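Open the model in your viewer and keep the sequence beside it. The stops below say what to select and what is found there.

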Amino acid sequence: MGIGIPKIQKHMYNSRIAGLGYYVPEKVVTNDDLSKLMDTSDEWIQERTGIKERRHIIKGEETTSSMGVKAAKMAISNAGLTPNDIDFIVFATLSPDYYFPGPGVMVQRDLEMNTVGAVDIRNQCSGFVYGLSLADQYIKSGMYKNVLVIGSEVHSTGLDMTTRGRDVSVIFGDGAGSVVLTREENLEKGILSSHLHSEGRHAEELSVIAPAMGTRWVTEIIEENDPDDTSYFPYMNGKFVFKNAVVRFSEVIKEGLEKNKLGVEDIDMLIPHQANLRIAQFIQKKFRLSDDQVYNNIMYYGNTTAASIPIALAEAVEKGKVKDGDLVILAAFGSGFTWGSVVIRW
Ligand code: ACO
């Protein structure tokens, strides 16, 4: 018999979300407002995307990093912590203030934090899920105790607000969301697993291919540019993105459930990346989930890319829709293509 070999544990700690925060600019832009700038209508936009309105920054007043800082402050305070308790910063965005440095360091600066590490994630709509997964690994390994994860986007300064760009510009909005991920000793609680994927052969199907730029100066760059050159605006092969999104969302949700030996019936709350309400509804129907099991807010914010999941999660928690012990699944798909899911026992 001999000495019993202790069961090898995968990791010493789990990580759990200890605080959430979000910030959206005050300026509401309705579908009717957009129809004054381009040939579109409230009816078309709502029918295809579910979006009623979105928020846009007032240029010069907010940036991707400043909104991220506001969301982060709220998340840190809701976690009962101070900025100096944070061991590491993860910032996900496709719309950094500058081409470089990324906005992670601006959070360290603006919150007057210790000189902790700051990393920037460039995975567009999947950015928050990638960031949360990264933070989770740092906590599970024991390296850090409190990691700040932020998703923030300024889309409005870089969209083609003419009829030429209407298929893209009506979809996107500005905003920021954040969580503090903290060490959890109960291995049954917190992030159970995360699942990340990419397929770079579709990199150009949803992309900005222009040379280096940051969102603080993108309007000026575009104005000085040849008006016929659309390379500075996001390009999206909408139908192709839609078709891939519904397949990958489904796959990665199933992958997360299977990894944890759970079934669809175990899902208490699904927070899909707010890409398009029609995509979320397709997934809801496919998994036969009730309206109480899926949280959507794209109607009011549009698609805020890396910020959409943390804003939706923060709102769902604020409204009491997520309870202790609930199984929460976050799932995203976007440019890259990249996609992923995070399975959480709340
Ligand atoms: N207002 C009015 N008409 C429009 C608009 C608009 N804003 N945009 C396009 N149209 C017109 C087109 O010009 C076209 O006209 P035509 O038939 O005369 O050529 C017609 O509407 C249909 O256009 P489609 O592009 O075929 O419309 P579709 O049904 O594919 O809807 C949409 C477009 C909403 C973008 C859809 O493809 C979609 O949702 N794709 C998924 C992409 C997505 O969700 N992206 C979000 C970001 S990526 C992510 O987060 C995963």
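Which residue of strand 7 is the bridge partner of Y22? Select Y22 and look across to strand 7: the partner is G177. Bear in mind throughout that this is a predicted model.

**The pair of strands around Y22**

Select strand 1 and strand 7 together. The two run antiparallel and are joined by 9 bridges. Strand 7 covers residues 175-184, and strand 1 covers residues 14-23. Now colour strand 1 by burial: 7 of its 10 residues are buried, and the strand is mostly covered. Next, add helix 11, residues 308-318. This helix lies across strand 1 and strand 7, and its direction makes an angle of about 95° with strand 1.

**The five-stranded sheet**

Widen the selection to the whole sheet. Here 5 strands form an open sheet with mixed pairing, and their order is 1-7-6-4-5. At its edges are strand 1 and strand 5 (117-121), each of which pairs on one side only. From one strand to the next, the twist averages 20°.

For a look inside this sheet, select strand 4 (residues 88-92) and strand 6 (residues 146-153). They pair in the parallel sense, over 5 bridges. Which residue of strand 6 is the bridge partner of A92? Click on G151, which is that partner.

**The four-stranded sheet**

Move on to another open sheet, made of 4 strands in the order 8-13-12-11. The pairing is mixed in this one. Strand 8 (190-198) and strand 11 (269-272) each have a single partner strand, so one side of each is left without a neighbour in the sheet. Neighbouring strands in this sheet are turned by 10° against each other on average, direction ignored.

Select strand 8 with strand 13, residues 338-345. These two run antiparallel, with 8 bridges between them. To place one of the bridges, pick S198 and then T338, its bridge partner in strand 13.

**Aromatic rings**

Now show the side chains of Phe, Tyr and Trp. How many aromatic pairs does the structure hold? There are 7. One of them is formed by Y99 and F100, an edge-to-face pair with 6.4 Å centre to centre and 65° between the planes. Are Y99 and F100 buried or exposed? Both are exposed.

Then select F240, F333, F337 and W339, which together form one aromatic cluster. Finally, show Y13 and R183. R183 lies over the face of the Y13 ring, at 4.1 Å from the ring centre.

**The whole chain**

Clear the selection and zoom out. The chain has 11 helices and 13 strands. Its C-alpha trace spans about 80 × 45 × 40 Å along the principal axes. Why compare the chain with a compact globule? With 346 residues, such a globule would have a radius of gyration near 20 Å, and the chain has 20 Å, so the two agree.

Colour the whole chain by burial as a last view: buried residues make up 57% of the 346 residues. If you also display contacts, take those between residues at least 6 apart in sequence; 79% of them join residues at least 24 apart.

How values were computed:
Residues are numbered from 1 along each chain as its sequence is written. This is a predicted model: local features need pLDDT of at least 70, side-chain atom pairs count only at pLDDT 80 or more; totals for chains, interfaces and linings use all residues. Side-chain values use heavy atoms; hydrogens and water are left out. Rings of Phe, Tyr and Trp (its six-membered ring) pair if their centres lie within 6.5 Å; planes under 30 degrees apart count as stacked, over 60 as edge-to-face and the rest as tilted. Buried means under 20% relative accessible area, exposed over 50%, partly exposed in between (1.4 Å probe, protein chains only). A charge sits over a ring if NZ of Lys or CZ of Arg is within 6 Å of the ring centre and within 35 degrees of the ring normal. Two strands pair if DSSP finds at least two bridges between them. Axes are lines fitted to C-alpha atoms, for helices over the stretch in contact, and angles run from 0 to 180 degrees between N-to-C directions. Contact means heavy atoms within 4.5 Å. The radius of gyration is taken over C-alpha atoms; the globule rule is 2.2 Å times the number of residues to the power 0.38.
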